[in-house]
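Here is a short tour of the salt bridges in this protein. Have the sequence and the model at hand as you read.

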Amino acid sequence: MDEHKKVPKRIAQTVLNSLKGGVVPRIGLPYITVGRKNEIEALLHDVDIIAEGGASFRFIVGRYGSGKSFLLQTIRNYVMDRGFIVADADLSPERRLQGTRGQGLATYRELISNLSTKTKPEGGALTLVLDRWISAVQSEAVKETGLSPADPALQAATDRKIYAVTANLSEMVHGFEFGKLLSAYYRAYVEGDDETKAKVVRWFRGEYALKTEAREAIGVNIIITDDDWYDYLKLFATFFRLAGYTGMMIMVDELVNIFKIPNSITRQYNYEKMLTMYNDTLQGKAKYLGIIMGATPQALEDRRRGIYSYEALRSRLAEGRFSRPGARDLLAPVIRLEPLTAEEMLVLCEKLAEMHAGLYGYARRVTTDDLVSFIKIEYGRIGADQNITPREVIRDFIELLDLLYQNPAMKIGELLESDEFSFTKSEAVSDETEAGFAEFTI
């Protein structure tokens with residue numbers, strides 16, 4: 001962050017509160033992004049491929065607090081700026097990729113309810129997207145024909161344009177029914193029939209439980225189910241492109257919830273669904289679609305319950321012989337998050353100190369030397385080289401800033417040397433951490 005660039009207080013408040021609570025803020029990320037340059041570039045390369053009609057599938061693997069969700073959120077914001085529609089969902093015991101009691105469909109519903117665009121980043125964008133599509137088609141028809149909106153001939157021209165989109169989808173699995181519902185929504189839009197519009201949207205959201213219910217409501221003898229929900233995401237990706245968006249990015253986090261499923265057969269069904277999605281993107285069966293899934297190392301690598309317990313996935317995803325910490329292949333399907341270095345954490349703390357001072361309107365008291373002392377203590381903890389995460393360091397640091405602000409007479413040295421803070425400090429900071437700071441300047 002340029003230190004002269006003032007962070008709006010609303011954004012600073014959200015960022016600091018989120019980070020102190022251990023969650024990733026949905027706004028303000030550019031102000032605090034540090035490191036991850038190579039990972040971000042690799043994912044943005046995928047974005048270019050998707051925009052050209054391709055597809056991609058990536059796993060982001062990192063421990064809790066390692067910055068996995070932060071990276072996902074950063075990419076989410078970037079692709080929305082590029083004209084993508086984003087759908088994100090966290091898996092849970094009730095939301096899986098496949099289930100016998102609607103858990104797969106529950107994930108689909110979560111994704112659709114979280115549909116987001118640049119102008120509606122908080123989710124719930126489906127109706128907005130449909131309405132804008134129809135409005136844009138009508139405007140194009142006016143421009144091309146020169147007819148007035150009241151002219152019946154304009155309706156026919158608009159109908160042809162709508163049909164061209166639905167015909168494009170009809171070759172895909174379930175595409176005919178999907179196109180039929182788009183046409184039904186269009187007619188309801190033109191006629192001002194809000195009730196029918198709501199029924200069609202309800203179908204798109206996967207909320208009809210029975211075929212008879214869907215047939216009575218909107219005349220289609222098909223519903224979205226646990227088995228075929230992913231086919232509809234592929235349809236949506238193609239439709240969004242035809243509707244003027246760049247593509248669709250799907251983000252699914254917390255794959256550890258599949259790892260935790262006690263029944264081995266149920267786990268295997270979920271990994272089988274994952275394999276289908278993975279193969280589709282690599283074999284060109286999906287277009288304008290990116291999929292990013294977040295997992296912990298254990299959820300990926302455990303040979304008994306993890307993704308690697310499913311041999312067809314393990315053989316596709318396992319690293320080659322040459323990849324190692326510090327030299328990972330970022331073009332591979334699995335991106336492993338390396339820990340942020342002490343230097344990168346120092347830069348991040350500098351940004352947070354500036355943001356905190358700006359939010360509460362005081363002259364920053366924490367010096368660069370103070371920051372170096374803080375980071376040395378954090379990285380000097382026993383086992384920190386393997387176990388420390390950005391989340392822990394950030395929460396400690398924001399707490400430190402809050403205490404100094406609320407107690408102006410307190411010195412930062414007192415806090416850093418206090419029993420509460422330094423009891424976890426090892427006898428000596430590692431040589432590697434010391435060397436990292438030896439020539440480091442902000």
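Glu140, Glu144 and Lys161 are joined in a network of salt bridges. The model is a predicted one, and it holds 19 salt bridges. Three other pairs are set out below, each with the distance between its closest N and O atoms.

| Basic residue | Acidic residue | Closest N and O atoms |
|---|---|---|
| Lys120 | Glu122 | 3.3 Å |
| Lys234 | Asp280 | 2.7 Å |
| Arg364 | Glu350 | 3.1 Å |

Let's take Lys234 and Asp280 to begin with, whose salt bridge has its closest N and O atoms 2.7 Å apart. Lys234 sits in helix α10 (residues 229–242) and Asp280 in helix α12 (residues 264–282), so this pair ties together parts that are 46 residues apart in sequence. Are these two partners buried or exposed? Lys234 counts as buried, at 13% relative accessibility, and Asp280 is buried too, with a relative accessible area of 6%.

Next comes the salt bridge of Arg364 with Glu350. Arg364 is found in the loop between α15 (342–360) and α16 (368–379), while Glu350 belongs to helix α15, so the pair ties together parts that are 14 residues apart in sequence. Here Arg364 is partly exposed, with a relative accessible area of 25%, whereas Glu350 is buried at 12%.

That leaves Lys120 and Glu122, which also form a salt bridge. Lys120 is partly exposed, its relative accessible area being 24%, and Glu122 is exposed, with a value of 55%.

Definitions and conventions: Residues are numbered from 1 along each chain as its sequence is written. This is a predicted model: local features need pLDDT of at least 70, side-chain atom pairs count only at pLDDT 80 or more; totals for chains, interfaces and linings use all residues. Side-chain values use heavy atoms; hydrogens and water are left out. A salt bridge is a side-chain nitrogen of Lys or Arg within 4 Å of a carboxyl oxygen of Asp or Glu. Buried means under 20% relative accessible area, exposed over 50%, partly exposed in between (1.4 Å probe, protein chains only). Helices (H or I, at least four residues) and strands (E, at least two) are DSSP runs, numbered from the N terminus.
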